[in-house]
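Dear colleague,

Please find below the structure that I am passing on to you, together with its sequence. My notes on what was found in it follow directly after.

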Amino acid sequence: MTQGARPPEGRETGVLQIDAEKVGDYIFHRQEESFRGDWDINLARDSPDATHLLQAVHHLWNSDTPVAFPTETVYGLGADATKTAAVSNIFSVKQRPPDNPLIVHVSSLTQLRKLLEPQIVENRTLPNAANDPIPSIYHPLISRFWPGPLTIILPLPQPSPFAPLITGHLSTFGVRMPSSLLALALIRLTDVPIAAPSANTSTKPSPTTAAHVLHDLRGNIDLILDGGPCDIGVESTVVDGTVSPPAILRPGGISMEMLRKCPGWGNVTVGYEQGPQTATPRAPGMKYKHYSPQARVLLVNGHIDKDLILKHRGQDGQVGLLKTKLWTEGRFEGFEQVAEARAQFDSNGSGPAFSGGLKNVDAEDGLLEPGYSNGSSHAAAQVKHYQITKGSPSSESHINIWMMHLGIEATTIAHRLFAALRTLDQIGVDVIFVESVEGHQGDAAAAIMNRLRKAAEQQITP
């Protein structure tokens, strides 16, 4: 397949459920039981979970079509980072711009060191090892945050072990070690570095469940590994320690405050712009519009009222509201509650899955039923349905308002954000008003606002 050609559509996309704890026994070869060191898996015999995992491993070995799998942040679309055709197909499936670099995922420091210096065979203990190919500036971060939602920028070794599209023509590359047990097991068994951006169509909200992946990529990939909903809900923090002072290139699951507690990172700065940038991106998510549902997204800095909604409503009169702390329902004068519709949301932001997964809503029962189950059953978040009556009694019309509460704490909002955007899309709203999230530079709220600014068509300050 030539570079840039999309895999044929219409293929059957299989979803394989896997509980990584049932795959087998995880064996650590040193006293410290950490995935950073040397470890292995003794696969369980007659385990359907192990069988499913091996099916994905063989697919990555023998096919150039990527496999979707969960990480602790979002679902990733993975392929062997050393195979040019496989990496090219990540870009083709996602319709991703070729200058948007990918993050490489590894399962151990040994694997990373072998990529940086192929002659390295034995693992070295951090952070006291001499001549470690991993720069010492990263040792405190690795010790504290790996495995986890942190990507570090490293100089690209020469000759490069990666497919050219990995780096976006940069002299550096991003790498992380995920904390998802399923992701670690997949990478360890394939024994290759896995390139994996989010498993969605480019510009769309990132997927936090296997059902989200199926909605976006059905017919374009062969396999989705369903490990349940993701824990965090926003992508990894990307940091660059090759510059002075070190910089955060993308906010995410690790905050600036957490980074500044690590030796050598007390003066870490913000190295990203709030909106899409025009320069060559140094990390994923820096240049292009991202995270956008089909509906227009309006980010509101302050209170919202009936007049603001009427001013910016779409032609079909279907409006979504995503509230956090400020928008209390008592402020919505002129709203008439029609029904309460409930969508299944667990604490990680799992929501209704894909087109056709939502049943018709009426005032009698008002239930939004997920059309795809990932096997989890958790507390539900409400979708409340209101109407605004407009016009004279003889020619009145209704504007439908679909309101969801993302939560108060930033971590909860992050869990639910992408799934909520997808839910409102499935309801069919024209426009989504999102309440801005207050926070400090580089914290979890900053990661949320970074995503919302990239998704929003407009920011409004009433």
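About 18800 Å² of the chain is exposed, and 46% of that area is supplied by carbon and sulfur atoms (accessible areas come from the Shrake-Rupley method with a 1.4 Å probe; for residues, only the protein chains shown count as cover). The model is a predicted one, in which local features need pLDDT of at least 70 and side-chain atom pairs count only at pLDDT 80 or more, while totals for chains, interfaces and linings use all residues. Residues are numbered from 1 along each chain as its sequence is written, and side-chain values use heavy atoms, with hydrogens and water left out.

Of the 462 residues in the chain, 59% are buried (under 20% relative accessible area, with a 1.4 Å probe and protein chains only). The chain has 10 helices and 20 strands (DSSP runs, H or I of at least four residues for helices and E of at least two for strands, numbered from the N terminus). Among contacts with a separation of 6 or more, 70% are between residues 24 or more positions apart (contact means heavy atoms within 4.5 Å).

One helix pair deserves a description. Helix α1 (residues 48-62) packs against helix α5 (residues 181-190) at an angle of about 50°, and their axes are 9 Å apart (axes are lines fitted to C-alpha atoms, for helices over the stretch in contact, and angles run from 0 to 180 degrees between N-to-C directions). The two helices are therefore oblique to each other (that is, not under 35 degrees, not over 145 and not within 65 to 115). On the α1 side the contact is made by Leu53, Ala56, Val57, Leu60 and Trp61, and on the α5 side by Leu182, Ala185, Leu186, Leu189 and Thr190.

Helix α2 (residues 84-94) has 9 of its 11 residues buried, so it is largely enclosed by the rest of the structure. The buried residues of α2 include Ile90, Phe91 and Lys94. Their cover includes β5 (75-80), β9 (194-195) and α6 (210-217). After α2 comes Gln95, which has a positive phi, near 60°.

Ser202 lies in the loop between β9 and α6. With a relative accessible area of 15%, Ser202 is buried. Leaving aside residues up to four places away in sequence, Ser202 touches Lys94, Gln95, Arg96 and Pro97. Ser202 thus meets both Lys94, a buried residue of α2, and Gln95, the residue that follows α2.

With kind regards

Technical notes:
Buried < 20%, exposed > 50% of the residue type's maximum accessible area, 1.4 Å probe, protein only.
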